Amino acid sequence: MSISENINIIKNEIGAKSKLIAVSKRKPTTAVIEAYNAGQKDFGENYIQELLEKKDECPEDINWHFIGHLQRNKVKYIAPFIHLVHAVDSVRLLKEINKEAAKNNRKISVLLQVHIAQEESKFGFDVEEIEKLVLRDKAPEIYEHVEICGLMAMASNTDNTKKIEQEFYSVKCLFEKLHEVYPNIKELSIGMSKDYKLALNYRSTFIRLGTAIFGERS
Ligand SMILES: *Cc1c(COP(=O)(O)O)cnc(C)c1O
C-alpha cells in the first residue's frame with residue numbers, strides 16, 4: 001500500500017482520539033513529501049543532521065518533532081524551529097533547552113520521557129523522579145522558556161500484550177496525576193507501529209508511527 005493510503009487508514013482508525021506523527025527517520029525526503037501531500041503535517045525525526053537536511057528540503061509549514069535521545073550540545077541546532085521535543089530525560093537537558101530557547105526568544109514545548117519498559121537501555125526518568133521534578137520541584141513553573149506539556153514513553157518491545165498494557169497504564173496514571181495539578185500537562189506521547197492500537201486505550205494524544213506508514217526501515 002502507498003504512504004498516502006496508509007495515512008488515511010490510520011487517521012480513520014484513530015479519529016479524534018490522538019494526533020498522528022509520521023516518523024520519517026532513515027526515509028528519504030521524497031517519502032516526507034508524499035506524506036505531506038496526503039495532508040500529514042507532523043513529522044518525527046531522531047537524528048539532528050538528518051532532520052536539518054530534510055527541513056531545508058521540505059515545506060515550511062511542517063511541524064518537526066524531535067523524538068530521539070537529544071544530546072545537550074545539539075540543542076542549539078534545533079532550538080530555532082523545533083515544534084516539540086519528545087524525549088527530555090534529564091534536568092541538565094531541560095536547562096539547556098531553556099537556555100537555547102531564551103537565546104531564540106521563544107518558548108520550546110517539551111515532553112518528559114518516562115522509563116516504563118523493562119529494557120535497561122532505554123532512556124528516561126523513573127516515575128518517582130518525574131513526580132519529584134514536577135510536583136515537588138515545580139519544574140513547570142521554573143523554566144521560563146520551556147513549556148512542559150506532557151509525557152512520552154516507549155513500551156517494551158514484546159508481543160506480550162498484557163505487559164505493554166501494564167506499562168501504558170502506569171504512565172497514564174502518572175499523566176493524570178500531573179494533569180490535575182498542571183492542566184497544561186495535557187499531551188501523552190505513547191504508541192508506535194506495533195502497539196498504537198493499545199496506546200489509544202490509555203489516553204494517548206500523540207502516536208508516533210514509522211513502519212506502519214513508510215514500511216520497514218533498511
Ligand atoms: C523509530 C521510532 C518510532 C517509530 O517506530 P515504528 O515502530 O517504526 O513505528 C517511534 N518513536 C521513537 C522514539 C522512535 O525512535
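**Reading the ligand site and the cysteines**

Reader: Hello! How far is a polar side-chain atom of T211 from an oxygen atom of the ligand?

Author: In this predicted model, the two are 2.5 Å apart. That is a polar contact (a pair of N or O atoms within 3.5 Å). An N or O atom in the side chain of S193 is also 2.5 Å from a ligand oxygen, and for a polar side-chain atom of N46 the distance is 2.8 Å. The protein buries 90% of the 380 Å² that the ligand exposes when taken alone (Shrake-Rupley areas, 1.4 Å probe).

Reader: How many residues surround the ligand, and which are the closest?

Author: There are 13, and the closest are K25, N46, S193, T211 and R217; each of the 13 has a heavy atom within 4 Å of the ligand.

Reader: What classes make up that shell?

Author: Six residues are nonpolar, four polar and three charged. Asp, Glu, Lys and Arg count as charged; Ala, Val, Leu, Ile, Met, Phe, Trp, Tyr, Cys and Pro as nonpolar; the others, Gly among them, as polar.

Reader: And how many disulfides are there?

Author: A disulfide is a covalent bond between the sulfur atoms of two cysteines. The whole structure has zero (cut-off: sulfur atoms within 2.5 Å).

Reader: Is C58 buried or exposed?

Author: C58 counts as buried because its relative accessibility is 8%, and C149 does too, at 6% (buried is under 20%, exposed over 50%, partly exposed in between; 1.4 Å probe, protein chains only).

Reader: How should I read the numbering and the values?

Author: Residues are numbered from 1 along each chain as its sequence is written, and side-chain values use heavy atoms, leaving out hydrogens and water. Local features need pLDDT of at least 70 and side-chain atom pairs 80 or more, while totals for chains, interfaces and linings use all residues.

Conventions
Polar contact = N/O pair within 3.5 Å; in protein donor to acceptor, adjacent residues only side chain to side chain.
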